[in-house]
Number of protein chains: 2
Amino acid sequence: MNRLDSRDANFTQQLDALLAWEGVSDAAVQTRVLDIIAAVRAEGDAAVVRLSNQFDQLSAVSMADLSVSPERLKQAYDSLPTAEREALTQAAERIRRYHAHQVQESWQYTEADGTVLGQQVTPLDRVGIYVPGGKASYPSSVLMNALPAKVAGVAEVIMVVPTPRGEVNELVFAAAHLAEVDRVFTLGGAQAVAALAYGTESVPRVDKIVGPGNIYVATAKRQVFGQVGIDMIAGPSEILIYCDGQTDPDWIAMDLFSQAEHDELAQSLLIAHDAAYLDAMEASIARLLPTLEREAIARVSLRDRGALILVADEAEALALINRIAPEHLELSVADPQALLPAIRHAGAIFMGRHTPEALGDYCAGPNHVLPTSGTARFSSPLGVYDFQKRSSLIGCSPQGASTLAAVASVLARGEGLTAHARSAEYRLLPNK
Amino acid sequence: MNRLDSRDANFTQQLDALLAWEGVSDAAVQTRVLDIIAAVRAEGDAAVVRLSNQFDQLSAVSMADLSVSPERLKQAYDSLPTAEREALTQAAERIRRYHAHQVQESWQYTEADGTVLGQQVTPLDRVGIYVPGGKASYPSSVLMNALPAKVAGVAEVIMVVPTPRGEVNELVFAAAHLAEVDRVFTLGGAQAVAALAYGTESVPRVDKIVGPGNIYVATAKRQVFGQVGIDMIAGPSEILIYCDGQTDPDWIAMDLFSQAEHDELAQSLLIAHDAAYLDAMEASIARLLPTLEREAIARVSLRDRGALILVADEAEALALINRIAPEHLELSVADPQALLPAIRHAGAIFMGRHTPEALGDYCAGPNHVLPTSGTARFSSPLGVYDFQKRSSLIGCSPQGASTLAAVASVLARGEGLTAHARSAEYRLLPNK
């Protein structure tokens with residue numbers, strides 16, 4: 001595993017190289033995606049069926065073959081082993097409870113002259129959730145994407161999940177039942193995104209599409225942005241752990257592995273200001289890595305993208321955290337709350353030795369859909385606020401309108417927009 | 001002006017045709033924009049200077065020629081006519097006051113077993129504001145884009161505004177001074193977006209870019225999305241007025257004109273359930289249109305994109321409003337508050353006969369940057385929330401961690417992520 005030292009002359013370059021990641025979609029991908037979107041817009045269901053057969057190696061005759069009934073979802077849920085069904089139910093309950101704190105309410109206030117200002121908050125009507133198929137298809141992701149929409153009051157949640165070669169993930173269906181997803185289609189790729197964005201005879205047009213996907217899905221989402229809302233375009237998952245050197249190195253090693261086992265591009269970083277602790281970490285990693293079921297993936301991820309980083313002190317650690325703006329930040333220290341005011345950018349902050357990322361991934365309550373690749377500089381975890389929107393409210397009293405009209409008139413004439421000015425001036429009171 | 005009637009058999013098709021608008025960026029524009037971004041990333045300032053000279057017909061030698069000093073901004077402000085300076089100052093004060101209501105605060109709560117959950121809210125570090133050059137360059141837009149960022153606590157606000165053929169808009173500079181914009185560069189086009197997104201020797205890299213622009217700017221923003229945050233991609237401005245037939249038709253005509261005078265693509269729609277009132281409107285429009293300074297623009301806009309729409313009753317009017325999801329909705333009725341619960345989608349709602357859109361455009365307080373082209377279905381006015389972001393907080397007590405670890409372990413093993421499970425299991429208490 002890489003060892004970096006902030007005292008090295010080329011530390012910044014080494015760090016930049018380690019962090020570099022760009023989701024490239026070349027011209028060929030862009031062209032294919034534009035073609036797929038055009039086909040779905042022009043032909044609707046027929047194109048969706050044809051493209052799904054082609055890309056997912058299916059033999060669907062019509063959209064009926066690509067639709068999943070509520071009964072089928074319930075059957076998947078009922079067939080779950082009891083322990084799993086109970087764990088999923090407990091997770092859903094905690095996720096609902098946490099997200100209820102995020103609900104934003106409408107507000108209004110009245111000024112002295114009777115003018116009312118405010119903001120009306122409403123849920124989106126209909127939302128699409130993209131769930132990846134195959135191995136990266138996680139029931140926890142269904143809960144994390146669908147439940148905030150439900151808490152926001154979205155009337156209809158539509159899920160799409162591809163079934164390459166007909167492979168169905170029963171856990172995903174079960175989670176869709178638990179999260180009360182309204183409709184499920186076994187679609188994937190750019191064709192699923194296009195169908196949700198523009199609607200077809202069978203797939204209703206949604207107002208926003210959320211959820212991760214491969215480069216075709218990401219490119220399609222970028223393309224339909226504006227027609228519908230989209231969430232962030234996700235990069236590889238990452239964790240940054242800052243440890244004061246007092247946590248059992250085996251615990252930290254396993255926390256790093258829990259990120260590294262996702263895929264070869266996942267990034268696991270540890271910051272400490274104690275070289276001896278980093279030595280102990282290396283020993284723990286060397287000992288525990290061979291015991292992992294997903295050892296091969298974790299080994300590549302740690303070798304190519306992981307690092308143990310030595311810094312001089314806490315101030316340097318905090319500067320590095322803000323520089324990296326990690327998706328997951330674990331503060332494995334005695335008093336994590338004391339560090340919060342200094343942390344400007346992070347998707348989720350796991351505080352203390354007893355809070356590994358894995359608890360947040362499944363059941364602590366906060367969302368596990370988080371801004372990756374430094375985008376925590378400007379974006380937030382997926383939340384109820386992503387499924388609500390606002391309308392400004394302006395209601396002028398005759399007196400308030402007259403006062404504002406005098407100001408607006410001057411500014412509108414300054415901008416050469418005289419119809420604006422005259423529209424305002426009609427509301428001047430005669431005694432002004 | 002078009003007259004539509006909801007009883008017509010082909011009303012829906014007519015309405016769809018009227019509303020249709022798509023900001024197309026063809027392959028040629030995409031390629032040019034990708035080339036410009038690549039040049040700015042590779043060459044920094046040198047590319048920015050060269051491209052600005054080329055596209056804006058300038059003869060800048062270095063970035064010093066494309067930078068505006070704080071003294072220059074203050075000089076523009078000090079040179080304003082008194083009435084304009086006072087109006088701008090009053091507008092800024094009202095915008096600040098309204099937006100202060102939008103500030104979101106951090107929150108935490110503690111569960112029975114001592115586990116802490118919450119969300120930390122922080123401002124973005126640095127934001128870029130794109131202000132169009134030439135005729136569509138409005139000082140009010142500088143206030144509406146910069147002040148929410150300032151209220152959010154953004155440390156550094158960078159403004160770019162092109163100066164085609166060296167034309168400077170003094171009002172825009174004055175507004176930048178008033179809004180306490182931190183740095184101003186006279187840059188425009190895709191090169192300005194690229195410089196803000198990636199940074200150059202002179203232009204600092206920002207975390208988010210907001211503000212409208214032409215097709216090159218919009219395409220560049222879509223392209224750099226992910227590297228930085230962006231706001232919505234704006235279409236032509238629109239107004240939808242719903243009138244109960246009791247407002248002076250001249251007032252409503254001028255309110256429609258205030259939208260139509262923006263540009264030929266602007267859209268002005270009126271809904272009423274009184275055919276005689278629509279007749280009176282036609283007469284007012286015919287009489288007042290020739291008195292407009294921007295008559296030529298307004299006439300084309302009303303002819304191509306405007307309509308007077310007759311509906312059967314209030315229920316039909318409300319359904320149409322939600323179908324259109326207008327940027328600006330004027331409720332020129334006796335009791336607009338009574339309609340609010342039925343309105344699901346609108347950028348801003350202007351309530352009552354004394355609240356024309358023009359007051360909101362300049363000085364009522366709410367933002368005039370609003371979702372266009374039906375995007376109010378899923379997006380909101382520009383606000384303080386666009387310049388804040390959130391970090392989830394999770395701090396487990398040893399007891400809380402143990403309880404959650406039992407759940408996470410089951411779910412992680414269900415997903416085949418055994419390092420996740422083992423990371424959680426280290427936090428199981430021995431007595432469990």
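**Entry 1. B:Ala195**

I looked up B:Ala195 in this predicted model and found it in helix α8 (residues 189–198) of chain B. B:Ala195 is buried, its relative accessible area being 0%. Leaving aside residues up to four places away in sequence, I listed what B:Ala195 touches: B:Val40, B:Val48, B:Thr200, B:Val203 and B:Pro204. I also took the separation of the C-alpha atoms of B:Ala195 and B:Gln223, which is 13 Å. These two residues stand 28 residues apart along the chain.

**Entry 2. Helix α13 of chain B**

I then asked which residues of helix α13 (residues 314–324) of chain B are buried. They are B:Ala317, B:Leu318, B:Leu320, B:Ile321, B:Asn322 and B:Ile324. I traced the packing partners of these buried residues within chain B. They comprise one helix entry, α1 (11–19), and the strands β10 (238–243), β11 (267–272), β12 (307–310) and β13 (328–332). Just after α13(B) I noted B:Ala325, with a positive phi of about 50°.

**Entry 3. Helices α1 and α13 of chain A**

In chain A I examined helix α1 (residues 11–19) against helix α13 (residues 314–324). Their axes come within 12 Å and cross at roughly 40°. An angle of 35 degrees or less would not be the case here, and α1(A) and α13(A) are therefore oblique to each other. The crossing of α1(A) past α13(A) is right-handed. On the α1(A) side I recorded A:Phe11, A:Leu15, A:Asp16 and A:Leu19; on the α13(A) side, A:Leu320, A:Arg323 and A:Ile324. I sorted the residues of this contact into five nonpolar, no polar and two charged.

**Entry 4. Helices α5 and α6 of chain A**

I next took helix α5 (residues 82–100) and helix α6 (residues 139–152) of chain A, whose axes come within 10 Å and cross at roughly 35°. Here too I read a right-handed crossing, α5(A) passing α6(A). From α5(A) the contact draws A:Leu88, A:Ala91, A:Ala92, A:Ile95, A:Arg96, A:His99 and A:Ala100. These meet A:Pro139, A:Leu143, A:Met144, A:Leu147, A:Pro148 and A:Val151 of α6(A). By class, I entered 11 nonpolar residues, one polar and one charged for the contact of α5(A) with α6(A).

**Entry 5. A helix pair between the chains**

I turned to helix α17 (residues 418–425) of chain A and helix α10 (residues 249–260) of chain B. They pack at an angle of about 155°, with their axes 8 Å apart. Angles over 145 degrees count as roughly antiparallel, and α17(A) and α10(B) are therefore roughly antiparallel to each other. I entered their crossing as left-handed. Chain A supplies A:Ala419, A:His420, A:Arg422 and A:Ser423 to the contact, and chain B supplies B:Met254, B:Asp255, B:Phe257 and B:Ser258. The residues of this contact divide into three nonpolar, three polar and two charged.

**Entry 6. Positive phi outside glycine**

I checked two further residues for backbone angle. A:Gln57 is not a glycine, yet its phi is positive, at about 55°. I located A:Gln57 in the loop between α3 (45–56) and β2 (67–68) of chain A. Is A:Gln57 buried or exposed? With 52% relative accessibility, A:Gln57 counts as exposed, the cut-off being over 50%.

B:Ser373, likewise a residue other than glycine, has a positive phi near 55°. I placed B:Ser373 in the loop between α14 (357–362) and β15 (388–395) of chain B. Its relative accessibility is 38%, and B:Ser373 thus counts as partly exposed.

**Entry 7. Chain A as a whole**

I closed with the overall description of chain A. How many helices and strands are there in chain A? I noted 17 helices and 15 strands. Its C-alpha atoms fill a box of roughly 85 × 60 × 45 Å along the principal axes. Chain A has 432 residues, of which 61% count as buried. Taking contacts in chain A between residues at least 6 apart in sequence, I found that 73% join residues at least 24 apart.

The domain assignment of chain A gives domain 1 (2–21 + 235–364), domain 2 (27–104 + 125–230) and domain 3 (396–425). I noted that the centres of domain 1 and domain 2 of chain A, taken over C-alpha atoms, are 32 Å apart. Six residues from domain 1 of chain A and six residues from domain 2 of chain A take part in their contact.

Methods. Residues numbered from 1 in each chain as written. Chains lettered and ligands numbered in written order. Predicted model: local features only at pLDDT ≥ 70, side-chain atom pairs only at ≥ 80, totals over all residues. Heavy atoms only, no water. Axes fitted to C-alpha atoms, helices over the stretch in contact; angles between N-to-C directions. Helix = DSSP H or I, 4+ residues; strand = E, 2+ residues; numbered from the N terminus. Parallel < 35°, antiparallel > 145°, perpendicular 65-115°, else oblique. Left-handed = near helix turned anticlockwise from the far one by under 90°. Contact = heavy atoms within 4.5 Å. Nonpolar A, V, L, I, M, F, W, Y, C, P; charged D, E, K, R; others polar. Buried < 20%, exposed > 50% of the residue type's maximum accessible area, 1.4 Å probe, protein only. Domains from an automatic or database assignment.
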